[in-house]
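User: Could you take a close look at a single part of this model for me, and then work outward from there? I'd enjoy one connected account rather than a list.

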Amino acid sequence: MDKTTHIPEALISEVFSSVQGEGPYLGARQIFLRFYGCHRRCVYCDSPETVTAWQPAGFRPPSFRVEWTPGHRDFKEMKNPFTLQKTVDLLRDLNERVGPHHSVALTGGEPLLHAEFLGALLPEIKALGMKSYLETSGDLYTQLELLLPGLDIAAMDIKLPSVTKNEAAWGGHQRFLARCVEAGVEVFAKAIVSADTDLSDLDTACAILRDVAPETLFILQPMTPFGEAQNPPRPEQLLDWQARCLAFIPNVRVIPQTHKFINQL
Ligand code: SF4
């Protein structure tokens, strides 16, 4: 019997092979497995088609697209929901045909809304010779448990409410970071900043990092204008804020999104 039959299926939004455009793994070749669904509503979201609140009630995407040849925009449609076995087969095919890849970026939307599925997928990714790289809003610490200790890298957001125009999740971020550190997962944190960034939000984020794991890399990522979000930070703001954060913790970098410059997915 197929050992994966008891595992729930997942709703996928998009699959493609490209380069990581954010953070310390800039330029690394990855397979991006984008999941449907997100519990948040960040005003700057560049994947609004995955955000549950912005879709009709009960919406389930009937299909998703796979870029068959990296960069060629030759998309194939596949049907949702997608089983674990089909996901593993697709990852294997991409890795063997257009790889090798450093890792699989589990992204969204919020991939942790599919935590049971991910818990079963992580060993399969490892068996394919790739690392698992979770891109997450960084607040769903209960769901994170289902991925530990098999997760390799957690790229967690710290959501600044003055930027997201959404509620804060300070307690969730604190617990999420603590669990990653306790479980030995490589973790770094990123905050999107705009011209609206409130200094008290920055201070709160830095205090969480200082109190839980002060050596954690903290990235200030200037907002990339998208949709209604058209207020990236000014040059002097970014440098002032980096200096302010460095008074709390030693490892703070300013890194913009780069894949958009080179028109990559
Ligand atoms: S957490 Fe990510 S996917 Fe969800 S709304 Fe915010 S930016 Fe979009």
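Analyst: Happily! Let's start at Arginine 34, which stands opposite threonine 107 in β5. Residues are numbered from 1 along each chain as its sequence is written. Do keep in mind that this is a predicted model: local features need pLDDT of at least 70, side-chain atom pairs count only at pLDDT 80 or more, and totals for chains, interfaces and linings use all residues.

The part in focus is strand β2, residues 29-35, paired in the parallel sense with β5, residues 103-107, over 5 bridges. Strands here are DSSP runs of E with at least two residues, helices are runs of H or I with at least four, and both are numbered from the N terminus. Two strands pair if DSSP finds at least two bridges between them. Phenylalanine 32 also faces β5, standing opposite alanine 105. β2 pairs with β1 as well, here in the antiparallel sense and over 7 bridges. In that pairing, leucine 33 of β2 is the bridge partner of valine 15.

β2 is mostly covered, with 6 of its 7 residues buried. Buried means that 20 or more other C-beta atoms, placed from the backbone, lie within 10 Å of the residue's own; 12 or fewer makes it exposed, and anything in between partly exposed. Leu33 also belongs to the largest nonpolar core, where it is among the residues that touch the most other members of the 63, together with Ile12, Leu33's fellow members Val104, Leu134 and Ala154, and also Val193 and Ala205. Such a core is a set of buried Ala, Val, Leu, Ile, Met, Phe, Trp, Tyr and Cys residues joined through C-beta atoms within 7 Å. In soluble globular proteins, nonpolar side chains tend to be buried together.

Now for the wider sheet. It is open, has 10 strands with mixed pairing, and runs in the order β4-β3-β1-β2-β5-β6-β7-β8-β9-β10. β4 (75-79) and β10 (252-254) stand at its edges with a single partner strand each, so one side of each has no neighbour in the sheet. On average, neighbouring strands are turned by 20 degrees against each other, direction ignored; the axes are lines fitted to C-alpha atoms, for helices over the stretch in contact, with angles from 0 to 180 degrees between N-to-C directions.

β2 also helps to cover helix α1, since what covers the buried residues of that helix includes β1 (12-19), β2, β5 and α2 (115-127). Contact here means C-beta atoms, placed from the backbone, within 7 Å. The buried residues of α1 are Leu84, Thr87, Leu91 and Leu94. Seen down the axis, they fall within an arc of 95 degrees, so they line one face of α1. That arc is the one spanned by the directions from the helix axis to the C-beta atoms. Asp89, Glu96 and Arg97 are exposed on the other side of α1. The helix, residues 84-98, has 15 residues that should span 21 Å at 1.5 Å a residue, and its end C-alpha atoms are 21 Å apart, which agrees; the expected span is 1.5 Å times one less than the number of residues.

Notes: Contact = placed C-beta atoms within 7 Å.
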